[in-house]
Every structure is written in C-alpha cells, then in structure tokens.
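Colleague: Could you take me closely through one part of this model, residue by residue, and then follow its contacts outwards into the rest of the chain? I would like one connected account that I can read beside the structure.

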Amino acid sequence: MIGVTDTEARVPNPRHYQRVQRQRRRLSRSRARRQGPDRRHGVSPSTRWLKANAKASRLEARVAEIRRDGLHKLTTALAARYGTIVVEDLNVAGMLKNRRLAKHIADAGFSELRRQLAYKTRRHGGTLVVANRFYPSSRTCSSPSCSAVKAKLALSERVFVCDRCGLALDRDLNAARNLAALASTQSCGGTVNMPNGNRVRPGPPGSGTATGRPETAVTGQPCPSNRAGHGAPQHAP
C-alpha cells in the first residue's frame, strides 16, 4: 500500500510490474535464445535478437509510463483535495534488501511520488510536511489520552494493539492518525513545503490531512522539544 488518509481512505499499490511478469519472462526467454552481442569476440547481435530486445524494451517503457501516469493522477487528486499532506522519510534502500518486498517497494515509485507532491502542493497552495525517519508513527498509540510507544512492532503485525490502553487498530491507520496529529503541531513540525512567491491556482485547498510514506530527504535540525524529532518548519524556495 502506498498511503492512507486519516479518514481511512487507502491507496493500494497497483503493482504494475507484477501484472506483466509472465509477459516479461516470455520476452526474456525469447531474447536469450537469440544470438546477442559479444564485445569480447566482436560478435554482432542477430536481427532476431534485435527484434526480441525491442519488444522487451517497449514493454518496460510501457510499464514505466503507466506507473508515472498513475502517480500523476494520485498526486493531483491528493494535492487538490487536502490542504495538508504528510509523508514519511523511510530508509527505502534498506527496505529493498528484503527480497520478499523489494519488487513491491520498487514498483511503488516512492521517490517520484514525493517529487510530484512537492511541487503540486505548492501549486495548489497546500502544505507538505515530511516526518522524520525515526518518528515511531506505527509504534505510537494514536489515542490522544495515551500516546504510548511500543518497543517493537514486527512487520507481520498488521493490527496495532496498545499495551497501555488496549487500543486495537490497523497499523497503517494508526500511523496515519499519528502523522495527521503531528502535522497540526505548531511548535515543531517537519520539513514544510509551502507557497513562496509561486502562482497559486484560484480557490482554497481542501480540508483534512493525507498521509503516505514516500522516500524523501529531511532538512533542518532535529527539534529536542518534540518527541517526534522533527526539524524546524522551513519554506521551500
């Protein structure tokens, strides 16, 4: 899943590459059976190899374009609907080392999603808040009267259960509520992208908060007064 809003609206991972796995394998086998280029021995690729390679390349390009189109539609809808969008700075390079999740994480396009949200929130007059990488959004109880932090929360645990107050909630929704509450903190927010001399489309931005977890870089120094460890709010150039 790419993200979830504090109103329980979920954005699933479309898994574009997973849908064409059989076709990709078939084209790869077809290309491997042809005579490919060999620079060491000065062998040129055969005409059939060039045709098979062109088919495989067109499929890869088509999947990339479909993913980019889907991300544009998603980010445009989020920026137009929500006045504040919160994203997390995740260690995506480390997450890709998990062989069971690497394909799904890479297929989500976190970096492109973050890049599009950055300029589209400015264009619509909204605010983009980037949560610190070490903020325990999934391990923190979202109940305002509790806010207890669990020491560990395995990835296989899809339901967050608070040891203190007994709150049982979907872990992604629990994290979304924590990020939404974090965005409303005035004393110390995350990295904030706001309009600064840019042309803003007419009409006020939507209300509510959308939360997701694309990869990004956090600027600013940590704020010791906030347990989230956010940097001070900054204006994007």
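Modeller: Arg158 sits in the loop between β4 and β5, and in this predicted model Arg158 counts as partly exposed because its relative accessible area is 38%. Along the chain Arg158 and Asp170 are twelve residues apart, and their C-alpha atoms are separated by 6.1 Å.

The loop between β4 and β5 also holds Ser147, whose phi is near 60°, a positive value in a residue other than glycine. As a general background, most residues other than glycine have a negative phi. With a relative accessible area of 28%, Ser147 is partly exposed. A positive phi is also found at Arg15, about 55°, although Arg15 is not a glycine; Arg15 belongs to the loop between β2 (10-11) and α1 (16-19), and its relative accessible area of 43% makes it partly exposed.

Returning to the loop between β4 and β5, the residue to follow outwards is Arg133, which forms a salt bridge with Asp89, the closest N and O atoms being 3.5 Å apart. Arg133 lies in the loop between β4 (127-131) and β5 (159-161), while Asp89 lies in the loop between β3 (84-88) and α4 (92-95), so this pair ties together parts that are 44 residues apart in sequence. The two partners do not fall into one accessibility class: Arg133 is partly exposed, with a relative accessible area of 37%, whereas Asp89 is buried, with a relative accessible area of 7%.

That bridge belongs to a set of seven salt bridges in the structure, and two others among them bring us to helix α3. In one, the side chains of Glu65 and Arg68 meet with an N to O distance of 2.8 Å; these residues are three apart in helix α3, which means that about one helical turn separates them. Both partners are partly exposed, Glu65 with a relative accessible area of 48% and Arg68 with 35%. In the other, Asp69 pairs with Lys73, and the closest N and O atoms are 3.2 Å apart; Asp69 and Lys73 are four residues apart in helix α3, again about one turn of the helix. Here Asp69 is partly exposed at a relative accessible area of 40%, and Lys73 counts as exposed at 57% relative accessibility.

Helix α3 also holds Thr75, which is buried, with a relative accessible area of 0%. The side chain of Thr75 is joined to that of Lys120 by a polar contact of 2.9 Å. In contrast to Thr75, Lys51 of helix α3 is exposed, with a relative accessible area of 55%.

Lys51 leads to the last feature, a positive surface patch formed by Arg22, Arg25, Arg26, Arg29, Arg33, Arg48, Lys51, Lys55, Arg58 and Lys103. The elements that give two or more residues to this positive patch are α2 (21-32) and α3 (47-81). Helix α3 therefore appears here in several roles, holding the Glu65 and Arg68 pair one helical turn apart, the buried Thr75, and the exposed Lys51 that takes part in the positive patch.

Note on methods
Residues numbered from 1 in each chain as written. Predicted model: local features only at pLDDT ≥ 70, side-chain atom pairs only at ≥ 80, totals over all residues. Heavy atoms only, no water. Patch = residues over 30% accessible without salt bridge, like charges linked within 9 Å, V, L, I, M, F, W, Y side chains within 5 Å. Areas by Shrake-Rupley, 256 points an atom, 1.4 Å probe, with all protein chains shown as cover. Salt bridge = Lys/Arg side-chain N within 4 Å of Asp/Glu carboxyl O. Lys, Arg positive; Asp, Glu negative; His and termini not counted. Charge placed at Lys NZ, Arg CZ, Asp CG, Glu CD. Buried < 20%, exposed > 50% of the residue type's maximum accessible area, 1.4 Å probe, protein only. Polar contact = N/O pair within 3.5 Å; in protein donor to acceptor, adjacent residues only side chain to side chain.
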